[in-house]
Amino acid sequence: GGLIAGLLGVGGGIVLVPALDLALGAAGVDHAVSLHVAVATSMATIVPTAISSSRAHASRNAVDFAVVKRWAIPIVVGATAGSLAAAHVHGKVLAAVFGTVALLSALKMLLPLDRVVLRPSLPGGVTGALIPAFIGAISAMMGIGGGTLSVPTMKLCGEPVHKAVGTAALLGLWIALPATIGYLVARPAEAVTLPPLTIGYVSLVGFALVAPISWLVAPMGARLAHSLDRRKLSAAFGAFLLLVATRMLYRVLT
């Protein structure tokens, strides 16, 4: 998760959520809430990962702070709303959101669309605020740092790929902080049995196991991002996302 966060700017949650969901299910956690716990715990781990990854990218002058300044408030509003909504919807809704976005991201990574640019710069005004708000809301519901959506958006609007990845890493922090707070204060149904040491939907055990390793590995991904063939990496990760999307969408039907 940390390696992917630093390498592609897509957020380690895209790997961690399905892995945690499987692990929680194997541990006997109720299927109705296992994905909620996976999403919330993944979001909590993104806080230290985003700090580590964005610092590594900033040291290489690969963060567009002007974009961060413009997007910060709407992305926080969206992330807060997304986490509050996710805490009250059925697990199949979360699986559908995750599977759909993962599928679209996989297709984007597999197809040769890296040079497609729709406009020379990011839009301003109401549209410019709605885009990061939407990214924040969907990312909070998926338990990801937002790069899965923000990197393609910035690239389509003329942002250089390395700056898009680095900027997405820092924006992940603005998504993860309010979303994690939302999941911590969530009140699950009393009839549902959660894993031990869980606050709201955030598993402290899961956070303790994942966060330190993800935090340590994220800078390695950031360094690799500036030296490896990104087209081949994107294609490989796109194939992986197809498998993740297929499993999540199958979860909706079962």
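Guide: Helices (H or I, at least four residues) and strands (E, at least two) are DSSP runs, numbered from the N terminus. This model is predicted: local features need pLDDT of at least 70, side-chain atom pairs count only at pLDDT 80 or more, and totals for chains, interfaces and linings use all residues. Residues are numbered from 1 along each chain as its sequence is written, and side-chain values use heavy atoms, leaving out hydrogens and water.

Visitor: Is Ser54 buried or exposed?

Guide: Happy to start there. Ser54 sits in helix α3, which covers residues 31-58. Its relative accessible area is 7%, and buried means under 20%, exposed over 50% and partly exposed in between, with a 1.4 Å probe and protein chains only. Ser54 is therefore buried.

Visitor: Which residues does Ser54 touch?

Guide: Contact means heavy atoms within 4.5 Å. Leaving aside residues up to four places away in sequence, Ser54 touches Val63, Ala169 and Leu170.

Visitor: Which helix gives the largest share of the largest nonpolar core?

Guide: A nonpolar core is a set of buried Ala, Val, Leu, Ile, Met, Phe, Trp, Tyr and Cys residues joined through side-chain atoms within 4.5 Å. The largest one here has 67 residues, and Met43 and Phe98 are among those with the most contacts inside it. Its largest share is eleven residues, and they come from α3.

Visitor: How are α3 and α9 oriented to each other?

Guide: The axes of α3 and α9 (residues 204-225) come within 8 Å and cross at roughly 25°; axes are lines fitted to C-alpha atoms, for helices over the stretch in contact, with angles from 0 to 180 degrees between N-to-C directions. Angles under 35 degrees count as roughly parallel, over 145 as roughly antiparallel, 65 to 115 as roughly perpendicular and the rest as oblique. The two helices are therefore roughly parallel.

Visitor: How many charged residues are in the contact of α3 with α9?

Guide: On the α3 side, the residues include Thr41, Pro48 and His57, and they meet α9 residues including Phe207, Trp215 and Pro219. Ala, Val, Leu, Ile, Met, Phe, Trp, Tyr, Cys and Pro count as nonpolar, Asp, Glu, Lys and Arg as charged, and the others, Gly among them, as polar. The split is ten nonpolar, eight polar and, for charged residues, no charged.

Visitor: How do α6 and α8 lie, oblique or roughly parallel?

Guide: The axes of α6 (residues 125-142) and α8 (residues 161-184) come within 10 Å and cross at roughly 50°. That angle makes the arrangement of α6 to α8 oblique.
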